[in-house]
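Reader: I'm new to this one and would rather get to know a single part well than skim everything. Could you pick an aromatic pair, look at it closely, and then show me what else is worth a look?

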Amino acid sequence: MGTERKRKLSLFDVVDETSVPGTKPKLNGGFGGAAPMAGNSLVNTWTGKAYSQRYFEILEKRKALPVWQQKDEFLQVLKNNQTLILVGETGSGKTTQIPQFVLEAVDNEYPDKRRKWMVACTQPRRVAAMSVSRRVAEEMDVAIGEEVGYSIRFEDCSSARTVLKYLTDGMLLREAMTDPLLERYKVIILDEAHERTLATDVLFGLLKEVLKNRPDLKLVVMSATLEAEKFQGYFLGAPLMKVPGRLHPVEIFYTQEPERDYLEAAIRTVVQIHMCEPLGDILVFLTGEEEIEDACRKITKEIGNLGDQVGPVKAVPLYSTLPPAMQQKIFEPAPPPLNEGGPAGRKIVVSTNIAETSLTIDGIVYVIDPGFAKQKVYNPRVRVESLLVSPISKASAHQRSGRAGRTQPGKCFRLYTEKSFNNDLQPQTYPEILRSNLANTVLTLKKLGIDDLVHFDFMDPPAPETLMRALEVLNYLGALDDEGNLTKLGEIMSEFPLDPQMSKMLVVSPEFNCSNEILSISAMLSGCFICMPIEHVHRWVSLHMMFSNWSMYKQVLVHALRDEIVAVSQYYLMKQMVSSGLYASADLPEAQKAADEAKARFGHIDGDHLTLLNVYHAYKQNNEDPSWCYENFINHRALKSADNVRQQLVRIMARFNLKLCSTDFNSRDYYINIRKAMLAGYFMQVAHMERTGHYLTVKDNQVVHLHPSNCLDHKPEWVIYNEYVLTSRNFIRTVTDIRGEWIVDIAPHYYDLENFPQCEAKRVLERLYKKREKEREENRNRK
Ligand SMILES: Nc1ncnc2c1ncn2[C@@H]1O[C@H](COP(=O)(O)OP(=O)(O)OP(=O)(O)O)[C@@H](O)[C@H]1O
Ligand SMILES: [Mg+2]
């Protein structure tokens, strides 16, 4: 018996516990032979505790998934090959099961070193990494963050015990910076490879190199919709394994005629489903934040108008700039019937394509796919990255329909004709690397030691002009020298999980004696919550139209704010409310007063960045008190998350001995130093106000408008901006007033007039340079 238990299993031997007599559950990682997740044991080998009832319930369902039919075959192919490409239908069990199969095999191979190795599974989206890892932790009957964890930017939910980690592709790339051969991993699974995100594409090239140096490492590339041949060609003939079938069918419907207005058609379809179709939640794909908020509002209103003949609905938005905690709302259950025995409620998730891959939202039966998504496009000539609404690819349409029929049979309503699907949609999504600003990617590649970008083994090499632009930006920032080599500054910058401008601002902030403040501003900007728009409130308002009285209305608003809205936009918000005319005019003075108070409380006349800083300071001064946040219309969760980001950034600063310092708050220079430090990072994001009153971006001469959410009470001659937003007009969002004189002092290399397009800004700068020269001369003469 004993000898049989000690039978040496080599990597990826298929373990059939029934054929190993006398096997016992393995405790504390000892080599016992039984596969930990094979299911016949009563004790969880990872925790040493008895499996819960829930474990067995889920196990039954897992075993019915198509990938289980091919488990042995999969492990055999992986045993014999270093790289494997796996294509399996949506919902067949790739993301949740394959990593567990792999884990089981590796665990058998390395029984004594359980905690020295790991299995990684990448996801392009944070929301997927978080939700899938939670599901797998549940399937393995362990606590999330223990044996199974996840890692997304600014949030690491893993521990020394973690053996299976779901992480965004960007995070794996970051790990490669400190662990170039990714030595902690035995198997890396690149999931949703068809999405061709920037980070996944870089990982392809990188891992090809790593595999050559690490014969013990294995790579699995997975998706439901890959161009298999292209991938096999790229991965040097790696075997392709196909998993046919899915657990539940999805019926696809097309429209007979093309729809003129997809938004209107989507809402109409939601209402029809709600009125006519059996129970089940709905997932609607739309293109962006504003449209989604608008749709949620209209859906709520239209279904509200139907009265009690239909059940209640809960419309839940999902898009990437929503803080992770808010994104989790999509997993909440549908609302109960309004009264006992009444029609059942439905949850309606309205999402961008971030819900297109990987996700299982329990209860979703119906998917509505209008066939559009916002696609990033980058114009290297004017350095503008923008999002354009474009038709999706066939692969995307397939992924979208795959979100239905996961936990029961489903239906997908495509709001386009079948002919259009066949003839108009591209087979695959165009790789992100071909349509992005690559500054950050190039910095990462340089840090990874890849100097020869032109010959890097990209699956689809980016345009030379885009690479040149990225090199140029990094050179202006001082991250690369004139030969294109990483400088000391560039090395430090690359350690921050931020865009290069923000990292530069942080790294130089001690020179301006304000690193404490710049840290707070960066954390607030990275909290991705500053620009949440009025649409959130509108959604609430439409739910509560009956309140025409300001004080009642205010209560509704307080709820909305507490939950969803952001402090900084509150002035804008109040302004909008005043002009929206949604409540009786008698209440206008009171609303106006609230708006003014909100502005007076935190607004800084010199700009939004400083307003953010004020909000952060006030939050800390009030001991992070949730009730203070509530009373002040501040989203407590968002502030808490910013505070957490700040702590992480502080740790990186400490690693590089970057001093934490502040100018005396009473000094005239307090805010000036902060603004100068910001300019030192963002000197390439400056706009100048022309005599006509409109702004032009410097050097690229694009006409832009200050976003209406700004807190300025004047129109400054020069502003730096955090974001360029292309909607119906070109906006710059999160802006701060800066001085022309500072530009000349801080970034003369970029504002070199010999290499500057003709414009008003140039003439102003010429005068400023002359003035500076004169001052210098006077100084010299005085000496
Ligand atoms: N959170 C969950 N709740 C309930 N069932 C789930 C959950 N996650 C997964 N499942 C079940 O497991 C199945 C497989 O999910 P998994 O994510 O592994 O599929 P997949 O092959 O990766 O699909 P996709 O290509 O869409 O990413 C689902 O179809 C569903 O039946
Ligand atoms: Mg998946």
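**A ring pair, close up**

Author: Phenylalanine 413 is a good place to start: with a relative accessible area of 15%, it counts as buried (under 20%; exposed is over 50% and partly exposed lies in between, with a 1.4 Å probe and protein chains only). Keep in mind that this is a predicted model, where local features need pLDDT of at least 70, side-chain atom pairs count only at pLDDT 80 or more, and totals for chains, interfaces and linings use all residues. Residues are numbered from 1 along each chain as its sequence is written, chains are lettered from A and ligands numbered from 1 in the order written, and side-chain values use heavy atoms, leaving out hydrogens and water.

So who's the partner? A search of the whole structure turns up 20 aromatic pairs (Phe, Tyr or Trp rings, the six-membered one for Trp, with centres within 6.5 Å; planes under 30 degrees apart are stacked, over 60 edge-to-face, the rest tilted). In one of them, the ring of phenylalanine 413 sits with its centre 5.1 Å from that of phenylalanine 253, and their planes are at 15 degrees, so this pair is stacked. It ties together distant parts of the chain: phenylalanine 253 belongs to strand β9 (residues 250-254) and phenylalanine 413 to strand β16 (residues 410-414), 160 residues apart (helices are DSSP runs of H or I of at least four residues, strands runs of E of at least two, numbered from the N terminus). While phenylalanine 413 is buried, phenylalanine 253 is partly exposed, at 30% relative accessible area.

For contrast, try phenylalanine 665 and tyrosine 671: their ring centres are 6.3 Å apart and their planes at 75 degrees, so that pair is edge-to-face. Phenylalanine 665 has 52% relative accessibility, so it counts as exposed. Elsewhere, ring pairs join Tyr476, Phe683, Tyr750, Tyr751 and Phe756 into a cluster.

Now hop over to lysine 376, in strand β14 (residues 372-379). With a relative accessible area of 19%, lysine 376 is buried. Leaving aside residues up to four places away in sequence, lysine 376 touches Glu385, Ser386, Leu387, Glu432, Arg435 and Ser436 (heavy atoms within 4.5 Å). Leucine 388 is twelve residues from lysine 376 along the chain, and their C-alpha atoms are 6.4 Å apart.

Helices are fun to look at too. The axes of α18 (residues 500-508) and α19 (residues 515-526) come within 9 Å and cross at roughly 160 degrees (axes are lines fitted to C-alpha atoms over the stretch in contact, with angles from 0 to 180 degrees between N-to-C directions). That makes α18 and α19 roughly antiparallel, therefore (over 145 degrees; under 35 is roughly parallel, 65 to 115 roughly perpendicular, the rest oblique). Met502, Met505 and Leu506 of α18 meet Ile518, Leu519, Ser522, Leu525 and Ser526 of α19. By class, that contact has six nonpolar, two polar and no charged residues (Ala, Val, Leu, Ile, Met, Phe, Trp, Tyr, Cys and Pro are nonpolar, Asp, Glu, Lys and Arg charged, the others, including Gly, polar).

Helices α7 (residues 169-178) and α8 (residues 198-213) have axes that come within 8 Å and cross at roughly 40 degrees, so α7 and α8 are oblique to each other. Asp169, Gly170, Leu172, Leu173 and Ala176 in α7 face Ala199, Thr200, Val202, Leu203 and Leu206 in α8: seven nonpolar, two polar and one charged.

Zooming out, the protein comes to 29 helices and 21 strands, and 60% of its 783 residues count as buried.
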